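Dear colleague,

I am passing on the structure below, together with some notes on its aromatic side chains. Please read the notes with the coordinates open beside you.

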Amino acid sequence: MRFINRELELQSLNHNWKEGKPQLIVIYGKRRVGKTELSIHFAQGKPHIYFLCDRTSMHKQLQKFTEMTGKYFKDEFLPSDGFKDWIEAFKYISHKNEKIIIIIDEFPYLAETDNAIPSVFQKIWDLYLKDSKIYLILQGSSIAMMEKTLLVYKAPLYGRRTGQLLVKSFQFKEVLDMFPDKSFEEVLSIYSIAGGTPLYLNKFIGKSYIEVVKKEILQKGQPLYEEVEFLLREELKEPRNYFVILEALSLGKRKLSEIINETGFDKGTVSRYISILDTLQITRKEIPVTEKIPEKSRKGIYNIDDNFFNFWFRFVFRNRSLLEEGKIDEVVIQIQKAMPVILAQNYEKAAIEVLRRLFSKHKISLSFESYGRWWDKDKEIDLVATNYHTNEILFGEVKWSNKQAGTNIYEDLKKKVQAVEWGKKDRKEYFAIFSKSGFTKDMVELAERDKVFLIHKDRLLTTF
């Protein structure tokens, strides 16, 4: 798989390496996001031992680690049955007095095997590593487990770590950079299917999105056909009820009451399951951006935050009967019919990143603290950005349509803005219109007069 540039993360890891001090770095993030590729890429050309934990016995894992350590140090006299414990292993390595990177991947598997492992590694650090030349990386995909064993205040290793990296999925702007030879619409289509997960994105290089969907996602026997089910079973003991909730969300049931009606679960059950899905960064609760106390708002709605999960539940999970019979083309027809709406939804999601990138590129001096959507009863605004300190607010409308955006879009937006209660009476308002198909001549002229930002796909047409 091609390594996709993680410049900031690599800079951080290399900065710590150059310091020459002992390091305990925690790298975590959900599965498939590229943690292993990041740490291995960082370690290339440097002395290192990479060890991938699994769910076998502790004795077996120590045997494998002993074998790898022996090969690295060219020491054939290490015990064939392995170090007796991890303390002995790191005592041996530290006494070599070498500057070396030790990567322990999927550390939570080790902790599952023995609950005392976090305390064991605390002892290892205190006794042997804190005065050594060793650069220890502990990484894992179970975000909840990594936080519990390494990052929370009561964790044994809390206070010992010298750095931590939460590796996130790529944002839309990074996906755009990954496909410089594809059109904006093609990249948006890929992003709408694969989200920002590097493993999935790599499959679209040099191929059309429909080709990848047919051969990699809808095809029985291919890894992505079973991918979401596999990931959920890895993270959850009883995934069946989560499947029901995620399917409801993929069908557009976003309010708590709608999810309850669709699933038949009671309020407490739905709330509990969604809370866990939020922790896993699969779903996200969205609140109108202007809410003063978001945690107390009753206007929250729920979304599947991972585009691939959303796509999989909508088109794979719901069509398993057809796909098991090999009727892929019937599902492809469904996808092609639904894509305009899916692209419109994801253009709205991407608009925030597009706007921020354009303001930076064109050196527009506006700066906002919060970005999001706004809604109240029957009114909705696609993009709202606020700056409490300067009392400035920007309103944006996002149109993914084959028609050019006209002055009616702007006038309707101005009417909706009157219902937004935010800021002081003399707040400074700005407007932005995003359009797939450009703008009418009248809208361009009006934008020049009223200083409205016009964005065609990802190009800024007006600057002031």
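In this predicted model, the charged end of lysine 99 is placed over the ring of tryptophan 17, at 4.2 Å from the ring centre. A second arrangement of this kind involves arginine 272, whose charged end sits over the ring of tyrosine 273, 5.4 Å from its centre.

Turning to contacts between rings, a search of the whole structure gives 32 aromatic pairs. One of them is formed by phenylalanine 51 and phenylalanine 65, which meet edge-to-face with their centres 5.4 Å apart and 85 degrees between their planes. This pair links distant parts of the chain, since phenylalanine 51 belongs to strand β2 (residues 48–52) and phenylalanine 65 to helix α3 (residues 58–73), 14 residues apart. Phenylalanine 51 has a relative accessible area of 2% and therefore counts as buried, the cut-off being under 20%; phenylalanine 65, at 0%, is buried as well.

Another edge-to-face pair consists of phenylalanine 184 and tyrosine 347, with 5.8 Å from centre to centre and 75 degrees between the planes. Because phenylalanine 184 lies in helix α9 (residues 184–194) and tyrosine 347 in helix α18 (residues 328–361), the pair ties together parts that are 163 residues apart in sequence. Both phenylalanine 184 and tyrosine 347 are buried.

Finally, to return to phenylalanine 51 and phenylalanine 65, these two residues are members of one aromatic cluster that also contains Trp86, Phe90, Phe107 and Phe121.

With best regards

Conventions: Residues are numbered from 1 along each chain as its sequence is written. This is a predicted model: local features need pLDDT of at least 70, side-chain atom pairs count only at pLDDT 80 or more; totals for chains, interfaces and linings use all residues. Side-chain values use heavy atoms; hydrogens and water are left out. Rings of Phe, Tyr and Trp (its six-membered ring) pair if their centres lie within 6.5 Å; planes under 30 degrees apart count as stacked, over 60 as edge-to-face and the rest as tilted. Helices (H or I, at least four residues) and strands (E, at least two) are DSSP runs, numbered from the N terminus. Buried means under 20% relative accessible area, exposed over 50%, partly exposed in between (1.4 Å probe, protein chains only). A charge sits over a ring if NZ of Lys or CZ of Arg is within 6 Å of the ring centre and within 35 degrees of the ring normal.
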